[in-house]
Amino acid sequence: NADMLRKAKAQGAVTGYVHPFGETDPLEGGLGAKAFPVDAALGLVDTLDWAGAVRGQLKVWFRMLNNDFPIAPTGGEDSILCLHNRKLIGSIRTYAHLGKDFSVDAWYEALRQGRTFFSTGPLIEFTLNGQLPGGRVDLPAAGSVAVEATVWSLAPLDKITLYHRRGVAREFTPARGVTRIHATIPVEESDWFALVAEGPHT
């Protein structure tokens, strides 16, 4: 895919991999999009797209973040060829923070900057020391960061998890309807953080 991605980027496109991995960790079977890590390392990939509420793909994304490849998470239903045997249109969505510039160009720029999240239901606001997803926090030495988040969900949630490069940083118990999170998390090394809200496993 590298040649195609290079040509797209040369024209100013936002690039991404769609439906690349499934429910299981690809290192444990079914490698999926084998070229993805290489293309990401070459700087040719902006986004990683979820076509379903699969957890195995999170492990791939986390490994990319561990290696300092800032890939933005996105979601979409993929191509829907049979409406009788596919998910509903709009059931997996990408949300991008545009600020006051509600335009197509601002949408693309938000994807490039990683100011996104994807969802099959819950809505999330999440900042780290005031920085939105895709932002950067510079600490002069080991210290801590302030996590502020709000999670809205009409359907019951099982858990809300804050992940970082070494796994789970903190778990939060969801409230009914709206969960507000205020936490201080220690940081001892270069790190990233991602907030994941999950419903029951089905």
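These are legends for close-up views of a predicted model.

**View 1. A nonpolar patch on the surface brings together L123, W152 and V178.** Add up the accessible area of these three side-chain neighbours and you get about 210 Å². Where does W152 sit? It belongs to strand β7, which covers residues 143-152. W152 has a relative accessible area of 31%, so it counts as partly exposed.

**View 2. The second largest pocket holds about 190 Å³ of space.** Its lining is made of F21, P26, L27, L31, A33, K34, F36, P37, V60, R63 and M64. Two elements give two or more residues to that lining: helix α2 (36-41) and helix α3 (56-66). Which element gives the largest share of the lining? That would be α3, with 3 residues. For the general idea behind such views, rolling a probe the size of a water molecule over the atoms shows where empty space is left.

**View 3. Here is the lining of the second largest pocket again, this time sorted by class.** There are 9 nonpolar residues and 2 charged ones, and no polar residues turn up. K34 and R63 are the charged pair in the lining. Among the nonpolar members you will find F21, L27 and M64.

**View 4. K7 and L44 are 37 residues apart along the chain, yet their C-alpha atoms are separated by 9.8 Å.** K7 has its place in helix α1, made up of residues 2-10. Is K7 buried or exposed? With a relative accessibility of 52%, K7 counts as exposed, because the cut-off for that label is over 50%.

**View 5. H19 has a positive phi, near 35°, although it is not a glycine.** Look for H19 in the loop between β1 (16-17) and α2. Its relative accessible area is 45%, so H19 is partly exposed. As background, most residues other than glycine have a negative phi.

**View 6. D68 is another residue other than glycine with a positive phi, in this case near 65°.** What part of the chain holds D68? It lies in the loop that runs between α3 and β3 (72-75). D68 has a relative accessible area of 57%, so it is exposed. Helix α3, at one end of this loop, is also the element that gives 3 residues to the pocket lining in Views 2 and 3.

Conventions: Residues are numbered from 1 along each chain as its sequence is written. This is a predicted model: local features need pLDDT of at least 70, side-chain atom pairs count only at pLDDT 80 or more; totals for chains, interfaces and linings use all residues. Side-chain values use heavy atoms; hydrogens and water are left out. Patches are made of residues with over 30% relative accessible area and no salt bridge: like charges are joined within 9 Å, nonpolar side chains (Val, Leu, Ile, Met, Phe, Trp, Tyr) within 5 Å. Accessible areas come from the Shrake-Rupley method with a 1.4 Å probe; for residues, only the protein chains shown count as cover. A salt bridge is a side-chain nitrogen of Lys or Arg within 4 Å of a carboxyl oxygen of Asp or Glu. Helices (H or I, at least four residues) and strands (E, at least two) are DSSP runs, numbered from the N terminus. Buried means under 20% relative accessible area, exposed over 50%, partly exposed in between (1.4 Å probe, protein chains only). On a 1 Å grid over the protein atoms alone, a cavity is a set of points where a 1.4 Å probe fits but cannot get out, and a pocket is an open set with protein on both sides within 12 Å along at least five of seven lines; lining residues have an atom within 4 Å of a point. Grid points are joined across faces, edges and corners, and a volume is the space filled by probe spheres set on the points.
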